[in-house]
Amino acid sequence: MTVRLVVVGGGPAGTQAATWGARLGAEVTVVEKEVLGGAANLWDCIPSKAMIATGGVMALSRRSRYMGLDELTPSLDFAALRARNAEIEARLKGTIRAQLESQGVRLLDGCGRLKGPHDVVVETSDGRVVELDADAIVVCTGSRPRIPEFAAPDGERVLTTRDAYPPPQLPSHLCIVGSGVTGVEFTHMFSSFGCEVTLVVSRQQVLPSKDAEVAAALEDDFLARGVHLLKGARASDICRVGDGVVVECTDGRKVSASHALLCIGAVPNSDGLGLDAAGVDVDAGGYVPINHHGQTNVKHIYAAGDLSGKLPLASVAAMQGRKVAEHVMGLQVREHRHLDYDKAASAIFTEPEIADVGLAEADAFATGRKVRVTKVPFAATAKALIEGDTRGFVKIVSDPWTGAVLGGSIVGPSAAELISVLALAVTANLRVNDIVESLLVHPALSEALAEAAE
Ligand SMILES: Cc1cc2nc3c(=O)[nH]c(=O)nc-3n(C[C@H](O)[C@H](O)[C@H](O)COP(=O)(O)OP(=O)(O)OC[C@H]3O[C@@H](n4cnc5c(N)ncnc54)[C@H](O)[C@@H]3O)c2cc1C
């Protein structure tokens with residue numbers, strides 16, 4: 001009997017669940033209320049990285065003299081930036097739609113809600129109500145920016161990340177509240193555009209959950225370009241004053257700026273989804289708890305992506321979607337491996353770029369685990385000199401007895417690409433010697449990886 005799989009939410013989790021479900025023989029329907037590709041393509045990963053890429057070209061042009069060129073002075077064109085974001089999003093949406101249609105997936109534009117354990121009701125964008133019977137359901141409706149009680153985003157001066165691609169005007173002074181991954185990426189983006197930026201940092205280091213050395217490398221770069229770091233500060237009020245904003249902190253410190261941007265995390269889109277009607281548990285934060293197969297407490301209802309409260313990354317959401325489809329279709333034992341969240345690679349698109357995977361040095365020491373840590377600066381490679389950017393390093397954490405690669409961090413140009421080597425090593429249980437004995441390219445930044453593995 002053909003399995004009827006209904007997927008609510010067409011972001012990375014939903015589109016991968018649908019693709020793999022269809023490939024494995026299910027009859028799949030995807031319900032998406034906004035844009036195929038999800039918040040990831042419309043609001044989060046893609047427009048932010050597109051604007052960071054523009055800032056990167058501006059930063060590169062500031063180094064033009066050093067590269068043997070006359071000085072270049074590009075100026076920003078916000079209309080062109082907006083058009084570029086829209087074009088990228090449309091191309092990605094088109095590719096996803098074509099891929100799903102080629103697999104025979106039924107696409108429904110509309111808002112989905114669970115009416116019972118096997119029933120999904122869809123209010124379509126053209127005003128119809130469609131009822132779907134399902135043998136299995138995947139809910140993957142993502143998350144949205146968290147807005148604290150003390151702030152009232154208005155899309156003009158008090159912004160969420162969704163208002164920033166780009167905002168109506170280039171801020172003359174942007175105060176960013178929150179110094180996690182999103183906060184530091186936007187700090188990098190707007191300071192590369194030439195804006196004055198103040199970053200409100202609630203602890204004593206940006207990126208509080210990251211390796212201290214990695215965070216310090218980023219802070220050094222921020223300070224060198226004139227970013228103000230307000231450390232140990234918790235925002236408690238944001239109000240509009242005249243043509244600007246004032247951000248007030250609990251200890252009385254105040255920042256007057258032209259704009260404020262909230263980067264203080266996300267809340268799951270679980271409200272109004274009918275989870276209670278289907279008997280699906282939701283935790284106190286609104287996330288949907290899952291087991292290692294992605295199943296909720298109702299075994300044929302799965303959750304994936306940000307809604308599941310695991311690692312909020314598009315790459316993880318996509319893999320969760322695939323794993324869920326495999327489980328729905330009964331692909332088990334040898335072909336189906338559980339997701340190991342501890343082995344997920346992640347990157348922060350700042351300058352220098354930051355990426356890591358697996359066990360962090362600090363976590364190894366905190367648990368008393370003996371590890372070997374080797375570190376090589378990019379300045380030691382010819383390629384960094386050629387590119388005119390010698391910042392950063394590669395750090396590899398390995399097992400001192402077996403040589404198994406346990407984790408690593410990379411700070412520097414192309415870190416997000418280079419981390420793939422360490423991600424593969426961690427996932428495939430490779431040893432440092434496997435990296436050393438690979439015949440890599442010269443001159444290339446990957447030579448720092450081979451040296452760190454020595
Ligand atoms: C600023 C920012 C930058 C980021 N950059 C990166 C990055 O560089 N790399 C990375 O890996 N991650 C990044 N992330 C995280 C990433 O965006 C999320 O982890 C990812 O989007 C989660 O995918 P998802 O499929 O769970 O949800 P989403 O991408 O949010 O998709 C959910 C979809 O469900 C739809 N939906 C919601 N409710 C309903 C309903 N009732 N019926 C029908 N459809 C519904 C929504 O319209 C949406 O399209 C970033 C996040 C932010 C905020």
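The exercises below work through a predicted model.

**Exercise 1. Locate the largest nonpolar core relative to the domains.**

Step 1. The chain is divided into domain 1 (4-144 + 268-328), domain 2 (158-264) and domain 3 (352-453).

Step 2. The largest nonpolar core has 75 residues, and those touching the most other members include Cys 175, Val 247 and Ile 419. Helix 10 (residues 415-427) gives the largest share of this core, eight residues.

Step 3. Both domain 2 (158-264) and domain 3 (352-453) give residues to this core, so it lies between them.

Step 4. A second core, of 51 residues, lies apart from this one; Val 139, Leu 275, Ala 278 and Tyr 302 are among its members.

**Exercise 2. Describe the contact between domain 2 and domain 3.**

Step 1. The domain centres, taken over C-alpha atoms, are separated by 30 Å.

Step 2. In the contact, six residues of domain 2 meet eight residues of domain 3. The domain 2 side consists of four nonpolar and two charged residues, with no polar ones.

**Exercise 3. Describe the shell around the ligand by closest residues, elements and residue class.**

Step 1. Of the 36 residues around the ligand, Gly 9, Gly 11, Gly 38, Gly 142 and Gly 305 come nearest.

Step 2. Elements that each supply at least two shell residues include helix 1 (12-23), strand 2 (27-32), strand 3 (106-116) and helix 7 (314-328).

Step 3. By class, the shell holds 16 nonpolar, 14 polar and six charged residues.

**Exercise 4. Check the length of helix 4 (residues 78-102) against its expected span.**

Step 1. The helix has 25 residues, and at 1.5 Å a residue it should span 36 Å. The multiplier is one less than the number of residues.

Step 2. The end C-alpha atoms are 36 Å apart, which agrees.

Step 3. Just after helix 4, Gly 104 has a positive phi of about 80 degrees.

**Exercise 5. Leu 207 and Asn 429 have positive phi values: is each buried or exposed?**

Step 1. Most residues other than glycine have a negative phi. Phi is near 50 degrees for Leu 207 and about 55 degrees for Asn 429.

Step 2. Leu 207 sits in the loop between strand 10 (196-201) and helix 6 (212-224), while Asn 429 is in the loop between helix 10 and helix 11.

Step 3. The cut-offs within 10 Å are 20 or more other C-beta atoms for buried and 12 or fewer for exposed. Leu 207 has 22 and is therefore buried; Asn 429 has 11 and therefore counts as exposed.

Notes
Residues are numbered from 1 along each chain as its sequence is written. This is a predicted model: local features need pLDDT of at least 70, side-chain atom pairs count only at pLDDT 80 or more; totals for chains, interfaces and linings use all residues. Domain bounds come from an automatic or database domain assignment. Two residues are in contact if their C-beta atoms, placed from the backbone, lie within 7 Å. Ala, Val, Leu, Ile, Met, Phe, Trp, Tyr, Cys and Pro count as nonpolar, Asp, Glu, Lys and Arg as charged, and the others, Gly among them, as polar. A nonpolar core is a set of buried Ala, Val, Leu, Ile, Met, Phe, Trp, Tyr and Cys residues joined through C-beta atoms within 7 Å. Helices (H or I, at least four residues) and strands (E, at least two) are DSSP runs, numbered from the N terminus. A residue is near a molecule or strand if its C-beta atom, placed from the backbone, lies within 6 Å of it.
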